[in-house]
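Work through the exercises below with the model in view. Try each task before reading its solution.

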Amino acid sequence: MTATTDEPAQTAAAATEAAATETAATEAGAAATAAAEAGAAEAAAAEAGAAEAAAAEPDLAEAPQPARGADEVGEAQARPAGRGGGLRRGLVVAVGLAAVAAVVFGALWAFAATSPTLALARDRDAALADARQAAINLNTLDYRNVAAGLDLWQQSSTGEVLAEFQQNRDQYAKLVQESRRTTVATVPDAAVTELDEHAGVARVLVAVDVTVTPEGQAPAVTRQRLQMEMTRTPAGWKTSRLSPVRAPAAAD
């Protein structure tokens with residue numbers, strides 16, 4: 001009897017528990033469904049907001065660019081590129097160095113041009129050149145045109161030599177005309193042996209070859225050495241003294 005009484009109670013309890021379990025499951029399913037629907041709604045809302053923002057934002061590629069002002073354009077043009085700017089700076093530096101070098105070398109040249117050594121060299125070269133030409137002029141004559149030759153004698157001389165030529169010009173002209181010969185001189189060699197720059201006097205040793213051609217005869221060449229004293233004048237270096245240099249006597 002007792003067993004019979006408990007069985008309906010147990011059955012009722014089991015039924016009640018099953019019903020509760022089913023209710024809980026139903027509620028859980030409903031909650032999950034609600035959560036899924038809420039998530040979907042939020043996603044849809046986000047997509048809609050993004051679409052609206054995209055529609056509201058203007059297309060940058062199609063939108064016109066604002067015009068730049070003159071200051072901005074000038075600044076952009078004035079702004080050098082990195083490599084180009086370096087090249088320009090290098091050129092500026094090179095030009096500056098070249099200018100400095102030109103000034104330095106110009107100063108050195110000016111100093112050298114006024115230095116005593118250079119002045120002495122210029123006087124030596126001038127005295128030598130004028131002595132060579134004077135030796136040619138004083139040993140070149142043509143009996144057919146004596147006056148022109150004697151004019152060269154006077155133009156090439158000064159001091160005692162010029163005075164002597166002027167005093168005896170007529171006698172020299174007569175002797176040349178009577179000799180009926182021509183002489184042509186060349187200078188194969190010459191050297192300055194002494195130079196006094198302050199006194200304006202130089203001594204030059206000159207070797208002269210003279211080709212003598214008597215009328216109707218074959219020419220003959222004579223060689224002589226002259227010691228010429230050259231004096232500086234406003235018209236150049238001229239012969240102030242003249243003497244032959246004799247060859248040393250041969251030893252026995």
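**Exercise 1.** Find which residues V204 touches, leaving out residues up to four places away in sequence.

*Solution.* Use contact in the sense of heavy atoms within 4.5 Å. Start with A127, L128 and A131, which V204 touches. Add A190, A191, V192 and T193. Finish with L226, Q227, M228 and M230.

The model is predicted: local features need pLDDT of at least 70, side-chain atom pairs count only at pLDDT 80 or more, and totals for chains, interfaces and linings use all residues. Residues are numbered from 1 along each chain as its sequence is written, and side-chain values use heavy atoms, without hydrogens and water.

**Exercise 2.** Describe the largest nonpolar core.

*Solution.* First, the term: such a core is a set of buried Ala, Val, Leu, Ile, Met, Phe, Trp, Tyr and Cys residues joined through side-chain atoms within 4.5 Å. Buried means under 20% relative accessible area, exposed over 50%, partly exposed in between (1.4 Å probe, protein chains only). The largest core has 19 residues. V204 is among those with the most contacts inside it, as are A135 and W237. Next, the suppliers: α4 (116-138), β2, β3 (201-214) and β4 (220-233) each give at least two residues. Helices (H or I, at least four residues) and strands (E, at least two) are DSSP runs, numbered from the N terminus. β3 provides the largest share, six residues. A second, separate core has 10 residues, including W153 and A173.

**Exercise 3.** Where does R180 lie, and is R180 buried or partly exposed?

*Solution.* Locate R180 in the loop between α6 (159-179) and β2 (181-196). Check its backbone: phi is positive, about 50 degrees, although R180 is not a glycine. Then read its relative accessible area, 40%: R180 is partly exposed.
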